[in-house]
Amino acid sequence: MRRASWYGAGATIVAALEVAMCLAPAGSGATAERRSAGSGVARQAQGAALAAISYRGVHLRVPAGWPVHRLDADPRRCVRYDRNAVYFGRGGADQDCPARLTGRTETIHVEPIDPAGIGTPPARGDEQVEAAAEGEIRRALPAAGVMVTATYGARRAVVRRIVRTAWINPVMRVEPPARPPAPQLRSPHDRDRLGRGEGLLRGGIHRPSGADHGGHRGRRRAWATGRGFDTCTAPSLAAMRAWRRAYRIANIYIGGAARACADGNLSRVWIKEVRRMGYRLIPTYVGLQAPCTRHKRHFSARLAVRAGKAAADNAVRRARALGIGRPAPIYFDMEAYDSRKRWCRVAVLRFLHTWSRRLRVHHYTPGVYSSVASGIRDLGLARGIIKPSSIWFAHWDRRATTKRSRYLLASWWRGHRRIKQYRGPHRERHGGYVINIDSDVVDGRVY
């Protein structure tokens, strides 16, 4: 539920940056890693400062107040999109991320392009692609062997100019490294392990035992019961394997403009692997939020229907890219909002009605996550709308049951259609791996 914001003096820095980025030449020399790079125009804007930062010969200018994190030296650092920061290097396999993060703001992540084709795919030429539905811009710089990823909340223009003016020091310009010999991989999921830095296990490739499959053979039921957990980014396969003795259900965040963590380990292969271990998954999409919240990335009441359709379409694209086929459920994460405001409540219901209707058009199963006292209660009381097939409600009373809640009627979403998040953020250790999670009890639709 926490979200870092950038106000006050930061707004002045942004204004200066918007002016300075338009006027500063892309090839101006800046070899020091952290030095003032403000132009005369920027200095006139109440002394606001910019800083020049560099990574592998690529130079960028960012507001001087943004912290710079070097992931190679700090692999447990969480790559967060909910607060202003610059990240250098590839995120670690076991990042220490808070369980509950929502929302996006302006961030920069510069990481290597893997010449072996594992991880972020290399691009041909200098390419820049923007995914508005995700609030994300990517620019590949093959001459330096890096990819620049920028996220944004309300200040899209800031990161666009940062990314556009990225330049490579001609003295340090190098040809992309030659592609090394392909590793001897015995199965497709080895590629994911190698790409995420796990390496191959001693004695060959790990094969789950028969007990690990947990019903993978044959057609699985559309629902599951048992203990589950959710965390901000996908843990490593090694951590998931260690946690399998304690849990059999886990949430995954597959995308969205308000998702606060990076993909991390999440991939088609990761999903196949954890399902082989016997996990059932709760695919969740964190899109634009209600208009009466503090989230910068929100839909307007006037365009609620259009936003609901766009969210469903993009969620389906993300699910298909991850190998999640129909009729799998996809839950929309609608964070708590002030449902006492009728205009906002109506906007949310229009959005979620369109979400559910559109997912059914794509032959996926619609689900909704929200606070039991706002989004879920409003859906239950609503009339004349298409409702989700399954709900995931947050009620942190520490009671691991889906059947009793003073906010829900017994007749709402009966018959294996409920998931409850009954405990908020806390740390647990299983098999030597510590993860910050929320706790869930599941009797509902899963993948």
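**Close-up views of a predicted model**

**View 1. Overall fold of the protein chain.** Among contacts in the protein chain with a separation of 6 or more, 67% are between residues 24 or more positions apart. The model shown is predicted. The secondary structure of the protein chain consists of 10 helices and 18 strands. The chain has 447 residues, and 56% of these count as buried. The exposed area of the protein chain is about 19,600 Å², of which carbon and sulfur atoms supply 50%.

**View 2. The six-stranded open sheet.** In this sheet the strands follow the order E4-E5-E6-E9-E8-E7, and the pairing is mixed. Strand E4 (68-70) and strand E7 (127-131) are the edge strands; each has a single partner strand, so one side of each lacks a neighbour in the sheet. On average, neighbouring strands of this sheet are turned by 15° against each other, with direction ignored.

**View 3. Edge strand E7, its partner E8, and helix H3.** E7 runs antiparallel to strand E8 (residues 136-141), and five bridges join the two. Within this pair, alanine 131 stands opposite glutamate 136 of E8. Helix H3 (residues 156-164) lies across four strands, namely strand E6 (107-112), E7, E8 and strand E9 (146-151). The angle between H3 and E8 is about 0°.

**View 4. Strands E16, E17 and E18.** E17 (residues 418-430) is joined to strand E16 (residues 390-394) by four bridges, and these two strands run parallel. Here phenylalanine 393 stands opposite lysine 420 of E17. With strand E18 (residues 433-445), E17 pairs in the antiparallel sense over 10 bridges. In that pairing, arginine 423 of E17 is set opposite serine 439 in E18. E17 and E18 form a hairpin with two residues between the strands, and glycine 431 in this hairpin has a positive phi near 60°. For orientation when following side chains along these strands: in a regular strand, side chains alternate between the two faces of the sheet.

**View 5. Packing of helices H8 and H9.** The axes of helix H8 (residues 304-321) and helix H9 (residues 342-361) come within 8 Å and cross at roughly 35°. This crossing of H8 and H9 is right-handed. On the H8 side the contact is made by Ala304, Val305, Ala307, Gly308, Lys309, Ala311, Ala312, Asp313, Ala315 and Val316. On the H9 side it is made by Ala347, Arg350, Phe351, Thr354, Trp355, Arg358 and Leu359. By class, the residues of the contact of H8 with H9 are 11 nonpolar, two polar and four charged.

**View 6. Serine 339 in the loop before H9.** Serine 339 belongs to the loop between strand E14 (329-334) and H9. Is this residue buried or exposed? Serine 339 has a relative accessible area of 9% and is therefore buried, the cut-off for buried being under 20%. With neighbours within four places in sequence left aside, serine 339 is in contact with Arg345, Ala373, Ser374, Arg377 and Asp378.

**View 7. Helix H7 and the residue that follows.** Helix H7 (residues 268-276) has as its buried residues Trp270, Ile271, Glu273, Val274 and Arg275. Charged residues are included in this list, among them Glu273 and Arg275. Just after H7, glycine 278 takes a positive phi of about 110°.

Notes
Residues are numbered from 1 along each chain as its sequence is written. This is a predicted model: local features need pLDDT of at least 70, side-chain atom pairs count only at pLDDT 80 or more; totals for chains, interfaces and linings use all residues. Side-chain values use heavy atoms; hydrogens and water are left out. Buried means under 20% relative accessible area, exposed over 50%, partly exposed in between (1.4 Å probe, protein chains only). Contact means heavy atoms within 4.5 Å. Accessible areas come from the Shrake-Rupley method with a 1.4 Å probe; for residues, only the protein chains shown count as cover. Two strands pair if DSSP finds at least two bridges between them. Axes are lines fitted to C-alpha atoms, for helices over the stretch in contact, and angles run from 0 to 180 degrees between N-to-C directions. A crossing is left-handed if the near helix is turned anticlockwise from the far one by less than a right angle, and right-handed if clockwise.
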